Protein chains: 2
Amino acid sequence: MPVASIIGSGVIGAGWAARFLLHGWDVSLYDPDPDTPQKLASVMDNARSSFPKLYPNELPKEGKLTLKNSLSCAVSEASWIQESVPERLPIKFKTLSAIQKSCDPNAIICSSTSGFTPSELHKGLSKPEQILVAHPYNPVYLLPIVELVPSSLISENLIQRAEELLEDISMKPITIRSEVPAHVGDRLMEALWREALWLVKDGVASTKQIDEIITHGFGLRWAQMGLFETFRVAGGENGMEHFLKQFGPYLSAPWSKLTDVPKLDEELISKIVKQSEEQSGNIAISKLEKIRDKNLVRFLLALKDADWAAGQVLNRSKVTD
Amino acid sequence: MPVASIIGSGVIGAGWAARFLLHGWDVSLYDPDPDTPQKLASVMDNARSSFPKLYPNELPKEGKLTLKNSLSCAVSEASWIQESVPERLPIKFKTLSAIQKSCDPNAIICSSTSGFTPSELHKGLSKPEQILVAHPYNPVYLLPIVELVPSSLISENLIQRAEELLEDISMKPITIRSEVPAHVGDRLMEALWREALWLVKDGVASTKQIDEIITHGFGLRWAQMGLFETFRVAGGENGMEHFLKQFGPYLSAPWSKLTDVPKLDEELISKIVKQSEEQSGNIAISKLEKIRDKNLVRFLLALKDADWAAGQVLNRSKVTD
C-alpha cells in the first residue's frame, strides 16, 4: 500500500488522513498535540459514517493509521506528504525544511496553506522544487475540490503526478497557474464575507438572516452551477453577453460601495458571536458536523445520480480500480 | 380563488406567475411584449415539470392564467400585485402609479426590484404606503427565498399580511428592516462577483475554474448551512469566537486587496463571454434551465427529507391547507 504522511492534524490534516485511509492508503501522522488521538478519532468517526455512502460496495479495505513520535519517522516512507500546520510562515518553513531532511526525494510534498503562495513557502527552503500548494476545503473527506498551485520552479511532470494522485483519492484538482494570496476560492468567499461583516456591523441584517438568504436562495444555485454558469442561464437564450450588457450598468452602483474593509474589533466579534449563537446555539457543534455531512452526502448522491458537477467526480472512477 | 396580478413577465415575472398558479391562485398578467405568450409558456413548462415534485399529492388544482390587454384590467381584481418591469426608476414610477389608479386600495403591491429601496420607489408616488419590495431569486417557482423590504411608511399590519401570504405560496420571506441599495442577497453575490471579475480579468482563473471551485467546494456547503453557520462549525467546539480570533488576523491581508471595482469594458465582457461559452457552450440554455431545475428539486427533496434549511419550508405547511 502507498503511504501518505500527514503533518499537523487539525480539522484539515485529520480530514486529509481520513480521505487517504478510506481510499486504502496507509497513513503516518505526526502532530505534537497530546489531544491528537481523540481529535483524530472524532474526524474519523464522521468520515467513516459519511464518505462510504458515496461509493457503496466500491471502497477498498481501509488503510492503516499510525501515529508517529517524530516528524522524521512520519515522512520517511511516504510518497505523498501533506503539511497542515498553523498558518504562520516561520512554522511552515521549519516544518517543510524538516520534512525535506527525512523524506524520499521523489515524494510529493504539498502544503494545505490557505493564504501563502508556493513562492512564499519556497523562500524559506533550500530545495523548493518538490513543494507545491494543495489547498482543500473542509470537510476534506467529503468535498472533492482541491486548489493545486505550483510555482514556476515546479516541473510539469510533478504537477501531473500530483493531479493524478489527487484524482485517485476522488478529488477534483483545479490547477491554478497564477500565484495570488489566498488562491481563488478563499478570495471569493472572503469578498462575500467582507460584505456580510458590513451588513451585520451596520445592523442591516443578522447572521441568521444572511445565512437564510444563502441557504434558501443562491446557495442552492451554486451547489450545482457556479456563479458564471448561473448568470449565463439567467441571460436566457442570448446567454452571458446579454446578461453582462443588461445587468452591468444597473449593478454598477452597488459594485462601487462597501468595498473598504470592516475592522474586526471586539465589538464586531461579540456582535457576530452573539447572533451566531442565538441562531443555532441549541445544537452542539459536533451535532452540526454530523448534520452537515449527512446533507453533503445527500447532495453529492443527488449529483452522482444526475452525473453533474461534483457528481461527475463520483462517477469518474471506481476507487478500487 | 384569490387573484394575483403580474405586471411584466420576464424571467422573474413569469416565475412569480408560475408560483401563484401552482398554488391555486388565478393570475392576471400584463406585459406589452408581443412574445409574452411564448416566453410564459416556456417558464410554465419548466415550473410544471419541477415544482409539483416537491409536493407530491399535495397541490391544489392549478389556477387560471389570463393575459390582459391593459394594465388596469390586469390589476383591478387582484389582492396581490407584483411589479417586475425593467430596472429603471422612471419605468417603475410610471408602472406603480398606473397600478394604484386601478387597483383595490387594500391590495398589496410589491416590486421585484433588485436594486432600488422602497423609499426610492415611494418618491415617485402619491400614495406610497401600499407598496413594498418583495425581491425573489430565479427560478422564482423553486427557490423559496424572498427579501421583503418595507420603508418606514409601511404599517406593521401590511408587513405581516405580506409575510403570511408569501408563506402561503411556500416562500420564505426574510423581512429586512434597513433599506440599502440591492438589499442583502445581491450585495453578497455582487461582492463575490466583483472578486471573480478581477480573477478572470487578471488571468488568475477561468470562468470554468471559478465555477468548479464553487460547485465542488463551498457551494455545496452554502446550500445547507450559510456563511456564518459554516464558519461556526469550522471553529470546532469553541465555535464562532474561536473562528474569528483564529482566522481574523491571518485573513486580514486578502481582505484588504482587490476591493476596488473592475471596469466591465468590452474587453472584459468579451473575455468572460468567450470563456463562459467554452465552458458549457455545447449545452443550450433551455437545456441548462431544465438541468438546473432538476438539481434544485433533488436538493430541496434531500433537505425536505432532512427537515433542514430550505427543506423546512417544504415541511412547514401543506399547500392545500
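**Chain contacts, symmetry and sheet organisation**

Across the two chains, B:Leu192 touches A:Leu188, A:Ala191, A:Leu192 and A:Leu227, residues up to four places away in sequence being left out of account. The model in which these contacts occur is predicted. B:Leu192 also belongs to the largest nonpolar core, which has 188 residues. Within this core, the residues with the most contacts are A:Ala17, A:Leu192 and A:Phe299, together with B:Ala17, B:Leu192 and B:Phe299. In soluble globular proteins, a tendency exists for nonpolar side chains to be buried together.

The relation between the chains was then examined. A turn of 180 degrees, with a shift of 0.0 Å along the axis, lays chain A on chain B with an RMSD of 0.0 Å. The two copies are therefore related as by a two-fold rotation axis. Both copies use the same surface, in that 99% of the contact residues of chain A recur in chain B.

Chain A contains an open sheet of 8 strands with mixed pairing, arranged in the order β3-β2-β1-β4-β5-β6-β7-β8. Its edges are formed by β3 (65–67) and β8 (172–175) of chain A, each of which pairs on one side only. From one strand to the next, the twist averages 25 degrees. Strands of a sheet pair through backbone hydrogen bonds, in either a parallel or an antiparallel sense. For strand β1 (residues 3–7) and strand β2 (residues 26–30) of chain A, the pairing is parallel and extends over 5 bridges. Within this strand pair, A:Ile6 has A:Leu29 of β2(A) as its bridge partner.

Technical notes:
Residues are numbered from 1 along each chain as its sequence is written. Chains are lettered from A and ligands numbered from 1 in the order in which they are written. This is a predicted model: local features need pLDDT of at least 70, side-chain atom pairs count only at pLDDT 80 or more; totals for chains, interfaces and linings use all residues. Copies are superposed by least squares on the C-alpha atoms of residues with pLDDT of at least 70 in both. Two residues are in contact if their C-beta atoms, placed from the backbone, lie within 7 Å. Two strands pair if DSSP finds at least two bridges between them. Helices (H or I, at least four residues) and strands (E, at least two) are DSSP runs, numbered from the N terminus. Axes are lines fitted to C-alpha atoms, for helices over the stretch in contact, and angles run from 0 to 180 degrees between N-to-C directions. A nonpolar core is a set of buried Ala, Val, Leu, Ile, Met, Phe, Trp, Tyr and Cys residues joined through C-beta atoms within 7 Å. A residue is buried if 20 or more other C-beta atoms lie within 10 Å of its own, exposed if 12 or fewer, and partly exposed in between; C-beta atoms are placed from the backbone.
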